[in-house]
Amino acid sequence: MSYHATVDKDVCLSAGRCVADAPDAFVFDDDELADAVPGHPGLSDAALVDQARACPAGAIVVRDEQGAEVEVG
């Protein structure tokens, strides 16, 4: 499968865990909110789901190749 992530900017707390743990896949934007790097380089689907689970705000949304949201909880 080929999952992709987005970050819900209305929910993001800027905790930075995703940026610290997966700096190739997540960065801070100009407002210091997390943003997903397109293609999440270096992260497997499972690792992307793990990052979503670890987000303290639940701001990382993972979708499958058809665009359906992947259950991470």
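## From one salt bridge to the core

Arginine 17 and aspartate 21 lie 4 residues apart in helix α1, so about one helical turn separates them. In this predicted model, their side chains meet in a salt bridge, with a distance of 3.5 Å from N to O. Arginine 17 is partly exposed, at a relative accessible area of 48%, and aspartate 21 is partly exposed as well, at 47%.

A similar arrangement can be followed in helix α2, where aspartate 50 and arginine 53 are 3 residues apart and are therefore also separated by about one helical turn. The side chains of aspartate 50 and arginine 53 form a salt bridge of 3.2 Å, N to O, and aspartate 50 counts as partly exposed, with 43% relative accessibility. Elsewhere, salt bridges with shared partners link Lys9, Asp29 and Asp35 into one network.

Within that network, the side chains of lysine 9 and aspartate 29 meet at 2.7 Å, N to O. Because lysine 9 belongs to the loop between β1 and α1, while aspartate 29 belongs to the loop between β2 and β3, this pair ties together parts that are 20 residues apart in sequence. Lysine 9 itself is partly exposed, with a relative accessible area of 29%. In total, the model has 4 salt bridges.

The two loops just mentioned each hold a residue with a noteworthy backbone angle. Serine 14, in the loop between β1 (4-7) and α1 (17-21), has a phi near 60°, which is a positive value in a residue other than glycine. Glutamate 32, in the loop between β2 (26-28) and β3 (34-36), is not a glycine either, yet its phi is positive, at about 65°. Serine 14 is partly exposed, with a relative accessible area of 28%, and glutamate 32 is partly exposed with 47%.

Turning back to helix α2, the reader may ask which of its residues are buried. They are Asp45, Leu48, Val49, Gln51 and Ala52, and, seen down the axis of α2, they fall within an arc of 155°, so they line one face of the helix. On the other side of α2, Ala46 and Arg53 are exposed, whereas the buried residues pack against β1, α1, β2 and β4. Glutamine 51 is one of these buried residues, with a relative accessibility of 11%; leaving aside neighbours within four places in sequence, glutamine 51 has contacts that include Arg17 and Asp21, the salt-bridge pair with which this account began, as well as Phe26 and Ile60.

Phe26 and Ile60 also appear in the largest nonpolar core, which has 22 residues, and in which Val7, Phe26, Leu48, Ile60 and Val62 have the most contacts. The elements that give two or more residues to this core are β1, α1, β3, α2 (45-54) and β4 (60-63), and the largest share, 3 residues, comes from α2. Valine 62, again leaving aside neighbours within four places in sequence, is in contact with residues that include Leu48, Val49 and Ala52, and these three are among the buried residues of α2.

Strand β3 contains alanine 36, which is buried, with a relative accessible area of 16%. Beyond its neighbours within four places in sequence, alanine 36 is in contact with Ala5, Thr6, Val7, Ala25 and Phe26. Valine 72, by comparison, lies 36 residues from alanine 36 in sequence and 16 Å from it in space, C-alpha to C-alpha.

Conventions:
Residues are numbered from 1 along each chain as its sequence is written. This is a predicted model: local features need pLDDT of at least 70, side-chain atom pairs count only at pLDDT 80 or more; totals for chains, interfaces and linings use all residues. Side-chain values use heavy atoms; hydrogens and water are left out. Buried means under 20% relative accessible area, exposed over 50%, partly exposed in between (1.4 Å probe, protein chains only). A nonpolar core is a set of buried Ala, Val, Leu, Ile, Met, Phe, Trp, Tyr and Cys residues joined through side-chain atoms within 4.5 Å. Contact means heavy atoms within 4.5 Å. The arc is that of the directions from the helix axis to the C-beta atoms.
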